[in-house]
Amino acid sequence: MGKTNIKLERRCPRLGGPVPFKYCMLTGEDKQPCFKVIDCWWETFDVVRYLKDNLPEDQFNRLLDARPRPKIASLVELIEKAKNQKNE
Ligand code: SF4
């Protein structure tokens with residue numbers, strides 16, 4: 001699926017201008033992903049899956065915990081799906 005070649009851009013609500021996904025992955029504390037990365041990207045592609053595949057588990061869990069309460073059920077489903085796949 002070429003996950004490492006993701007070229008995506010969106011308007012960052014924090015900066016007010018367009019940023020590439022790569023930026024979001026490095027702009028948090030200690031060059032970790034921005035705490036809003038799931039919120040900002042889950043509608044664009046399966047960012048939960050991407051993070052799960054590309055981050056150490058503790059970082060991944062921290063991002064899940066950092067999220068504000070999910071606004072809609074499908075986001076919860078996405079996360080549950082990712083958790084279940086972890087056990088496969
Ligand atoms: S994840 Fe963070 S840096 Fe990226 S667009 Fe959202 S707020 Fe901006």
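At 64% relative accessibility, Lys31 counts as exposed, where exposed means over 50% relative accessible area, buried under 20% and partly exposed in between (1.4 Å probe, protein chains only). The model is a predicted one, in which local features need pLDDT of at least 70 and side-chain atom pairs count only at pLDDT 80 or more, while totals for chains, interfaces and linings use all residues. Residues are numbered from 1 along each chain as its sequence is written, and side-chain values use heavy atoms, with hydrogens and water left out.

Lys31 sits in the loop between H1 and H2 and has a positive phi of about 60° although it is not a glycine. Asp30 lies in the loop between H1 and H2 as well; its phi is also positive, at about 50°, and Asp30 is not a glycine either. With a relative accessible area of 70%, Asp30 is exposed.

Gln32 has its place in the loop between H1 and H2 too, yet Gln32 counts as buried, at 19% relative accessibility. Leaving aside residues up to four places away in sequence, Gln32 touches Met25, Leu26, Thr27, Gln59 and Arg62, a contact being heavy atoms within 4.5 Å. One of these partners, Gln59, belongs to helix H4 (residues 57-66) and is buried, with a relative accessible area of 17%. On the same sequence criterion of leaving out residues up to four places away, Gln59 touches Gln32 and Pro33.

Gln32 and Pro33 reappear at the largest pocket, where Glu29, Gln32, Pro33, Phe35 and Arg62 lie nearest the centre among 13 lining residues. Pockets were found on a 1 Å grid over the protein atoms alone, a pocket being an open set of points with protein on both sides within 12 Å along at least five of seven lines, and lining residues having an atom within 4 Å of a point. The volume of the largest pocket is about 230 Å³, taken as the space filled by probe spheres set on the points, which are joined across faces, edges and corners. By class, its lining has five nonpolar, four polar and four charged residues; Ala, Val, Leu, Ile, Met, Phe, Trp, Tyr, Cys and Pro count as nonpolar, Asp, Glu, Lys and Arg as charged, and the others, Gly among them, as polar.

Turning to the ligand, the residues around it are Arg10, Cys12, Pro13, Arg14, Val19, Tyr23, Cys24, Thr27, Cys34, Lys36, Val37 and Cys40, each with a heavy atom within 4 Å of it. Eight nonpolar, one polar and three charged residues make up this shell. Helix H1 (21-24) and helix H2 (37-41) each supply at least two of the shell residues.

Arg11 is found in strand E1 (residues 9-11) and is exposed, with a relative accessible area of 53%. Its contacts, not counting residues up to four places away in sequence, are with Gly16, Gly17 and Pro18. Arg11 and Cys40 are 29 residues apart in sequence and 9.1 Å apart in space, C-alpha to C-alpha.

For the protein as a whole, five helices and two strands are present, in the order β-β-α-α-α-α-α along the sequence; helices (H or I, at least four residues) and strands (E, at least two) are DSSP runs, numbered from the N terminus. Of the 88 residues, 35% are buried. Among contacts between residues at least 6 apart in sequence, 47% join residues at least 24 apart. The protein exposes about 6100 Å², of which carbon and sulfur atoms supply 48%, by the Shrake-Rupley method with a 1.4 Å probe.

Methods. 1 Å grid on protein atoms, 1.4 Å probe; cavity = no way out; pocket = protein on both sides within 12 Å on 5 of 7 lines; lining within 4 Å.
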